[in-house]
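Q: Please take a close look at one strand and at the strands that pair with it. I would like a connected account, with the cut-offs behind each term.

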Amino acid sequence: MRFVFDLDGTIVFQGRPIAAIIQEALDDLLAQGHEVIFASARPIRDMLPVIPERYHSLPMIGGNGSFVMQNRTNRFVATFPDEQLKAILLLMEQYQCTYLIDGEWDYAFTGVPDHPIRNNVDPLRLAKQVPIEALGTMVKILILSSLDMEALYEQLTPFDIVIHRHGKENVLDISPTGIHKWSSPQKLGVMPKGFVAFGNDANDIAMFQHAIHSVRIGGHEDLALHSTETVELSGEVEQVIAAKINELSRYYSNLE
């Protein structure tokens, strides 16, 4: 069975690397012959620091589907069409937005230095922070602040793009059309009802809708409608998640 794991808030907490007890469960999952895929809103560059080195050859989906890497090699990078990108950037200028924009590897950032999201950007200094004019290809846009975030969202809605609203951080997460955590697993040969999904946020909905079994971590209401079961964020949550991975590993091993 294939197992697809979101990172932040699912198997990664407070920006720290995957806990040892969850690593042990992943090791057992792989030893049982299952496949592990990591899928995150982070670009691949920012996934690597929280994923142990021994897993870096495993398939990774970054930027909510904008990047696909396997065996440490990029297999797919989605970008915004030029005219569409110009219109989005014009709106961002009009609403005086601050942002984090990812290129294929480097990034542009105009938020405050102590913004919580900035702490997770390129912690290993693998890339360069560059002016937006020097970024070239743009793959993912995160709007951190705006004169009027609600009005900006309404202006962006008619665009043929994918927008996720993260209420906790009050940011808009924008990806090219058709890019989400279900579109990209298909490029790795993942079939509907052919995988188990672990996630915690609205950007996991598309993935959950096609999973044979889905485990929601925490209490995101929109994700609840598409979840098979929920692990509450209380107590020794990492131990509970590891136990759930082990349970599902055994279950799907016994079905073969």
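A: What follows looks at strand E2 and then at the sheet around it. The model is predicted, so to read it with care, note that local features need pLDDT of at least 70 and side-chain atom pairs count only at pLDDT 80 or more, whereas totals for chains, interfaces and linings use all residues. Residues are numbered from 1 along each chain as its sequence is written, and side-chain values use heavy atoms, with hydrogens and water left out.

Strand E2 covers residues 35-39 and is largely enclosed by the rest of the structure, because four of its five residues are buried (under 20% relative accessible area, with a 1.4 Å probe and protein chains only). Strands here are DSSP runs of E with at least two residues, and helices are runs of H or I with at least four, both numbered from the N terminus; two strands pair if DSSP finds at least two bridges between them.

Strand E1 (residues 2-5) runs parallel to E2 and is joined to it by four bridges, with Phe-5 standing opposite Phe-38 of E2. Between these two strands the chain passes through helix H1 (residues 20-31), in a β-α-β crossover that is right-handed, that is, clockwise from the first strand over the helix to the second when the strands point away from the viewer. Strand E3 (residues 60-62) is also parallel to E2, through two bridges, and there Met-60 is the bridge partner of Phe-38.

In the wider setting, eight strands make up an open sheet of mixed pairing, ordered E5-E4-E3-E2-E1-E11-E12-E13, whose edge strands, E5 (73-77) and E13 (229-231), each pair on one side only.

Note on methods
Buried < 20%, exposed > 50% of the residue type's maximum accessible area, 1.4 Å probe, protein only.
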